[in-house]
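Biologist: I would like to learn how to read a structure like this one. Can we take it feature by feature?

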Amino acid sequence: MNKKGRLVCVGTGIKLMVHMTPVSKQQIERADIVFLAVASSLMGSWIKELNSNIHDLGQYYQEGKSRLDTYKEIIRSHPGQKAIIVSGYSSTDRVKEAQSLGAGTYVKKPYVLETLGQAVKQELDGNK
């Protein structure tokens, strides 16, 4: 049986618990897997109380480290890892390099949730 699960990603912009809406909290509680990259260890601890299946991505994010280098590090330890690229900047050679390494769709900010959802679905379905 192919069970569809729920995935939640908690981004680096979340620094205080007050940034978390009731809907966000509910999504974290119900998710099968939560990927987390937050600046505050207190925030990380609080999220871990909501859902114990947390994968902390903080180890991959360092001040001044390019996201391309981050992606390269992730695929070295997790070959075939699916990814989409979201940025407020125009597509660059670095985006094209990440895509040549396996990253999927490039989504430019600002975006509507439907656009992001379509990109995630396309990546999960393997339709590049």
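Modeller: Begin with a definition: strands are DSSP runs of E, at least two residues long, numbered from the N terminus. Val34 belongs to one of these runs, strand β2. One caution: the model is predicted.

Biologist: What is the mean pLDDT of the protein chain?

Modeller: The mean is 79, and 84% of the residues reach 70 or more. Among the elements, α4 has the highest mean pLDDT, at 92. Strand β1 (residues 7-10) has the lowest, at 57.

Biologist: Which pattern does the protein chain follow along the sequence?

Modeller: The pattern reads β-α-β-α-β-α-β-α-β-α. That comes to five helices and five strands. Of the 128 residues, 28% count as buried. The exposed surface is about 9000 Å², and carbon and sulfur atoms supply 53% of it.

Biologist: Back to β2. Is Val34 buried or exposed?

Modeller: The cut-off for buried is under 20% relative accessible area. Val34 is buried because its relative accessibility is 0%. Now take the whole strand, residues 33-36. Val34 and Leu36 form its covered face. Ile33 and Phe35 form the uncovered one.

Biologist: Which strand is joined to β2, and how do the two run?

Modeller: The partner is β3 (residues 54-56), joined to β2 by three bridges. The two run parallel. Across the pair, Leu36 faces Asp56.

Biologist: What unit do β2, α2 and β3 make?

Modeller: They make a β-α-β unit, and it is right-handed. Helix α2 covers residues 41-50. To place the helix, use C-alpha distances. Val34 and Lys48 are 14 residues apart in sequence but 9.1 Å apart in space. Gly44 and Ile54 are 10 residues apart in sequence and 9.3 Å apart in space.

Biologist: Where is Gly44, and what does it touch?

Modeller: Gly44 sits in helix α2. Leaving out residues up to four places away in sequence, Gly44 touches Leu36 and Val38. Gly44 counts as buried because its relative accessibility is 7%.

Biologist: Next, α3. Which of its residues are buried?

Modeller: Start with the general idea. An α-helix has 3.6 residues a turn, so residues three or four places apart point the same way. In α3 (residues 67-77), the buried residues are Leu68, Thr70, Tyr71, Ile74 and Ile75. They lie on the same side of α3 because they cover an arc of only 155° around the axis. Their cover includes α4 (93-100).

Biologist: Which residues is Gln81 in contact with, leaving aside its neighbours within four places in sequence?

Modeller: Gln81 contacts Tyr71, Ile74 and Ile75. Those three residues are among the buried ones of α3. Gln81 itself is in the loop between α3 and β4 (85-87). Gln81 counts as partly exposed because its relative accessibility is 36%. In space, Gln81 and Ala103 are 8.2 Å apart, C-alpha to C-alpha, with their positions 22 residues apart in sequence.

Biologist: How much of the contact network joins residues at least 24 apart?

Modeller: The share is 42%, counted among contacts between residues at least 6 apart in sequence.

Biologist: One last feature, the backbone. Is the peptide bond from Lys109 to Pro110 cis or trans?

Modeller: Most peptide bonds are trans. The bond from Lys109 to Pro110 is cis, with omega near -10°. Pro110 lies in the loop between β5 (106-108) and α5 (113-125).

Methods
Residues are numbered from 1 along each chain as its sequence is written. This is a predicted model: local features need pLDDT of at least 70, side-chain atom pairs count only at pLDDT 80 or more; totals for chains, interfaces and linings use all residues. Side-chain values use heavy atoms; hydrogens and water are left out. Buried means under 20% relative accessible area, exposed over 50%, partly exposed in between (1.4 Å probe, protein chains only). Helices (H or I, at least four residues) and strands (E, at least two) are DSSP runs, numbered from the N terminus. The arc is that of the directions from the helix axis to the C-beta atoms. Contact means heavy atoms within 4.5 Å. Two strands pair if DSSP finds at least two bridges between them. A crossover is right-handed if, with the strands pointing away from the viewer, the path from the first strand over the helix to the second runs clockwise. Accessible areas come from the Shrake-Rupley method with a 1.4 Å probe; for residues, only the protein chains shown count as cover. pLDDT is the predictor's confidence in each residue, from 0 to 100.
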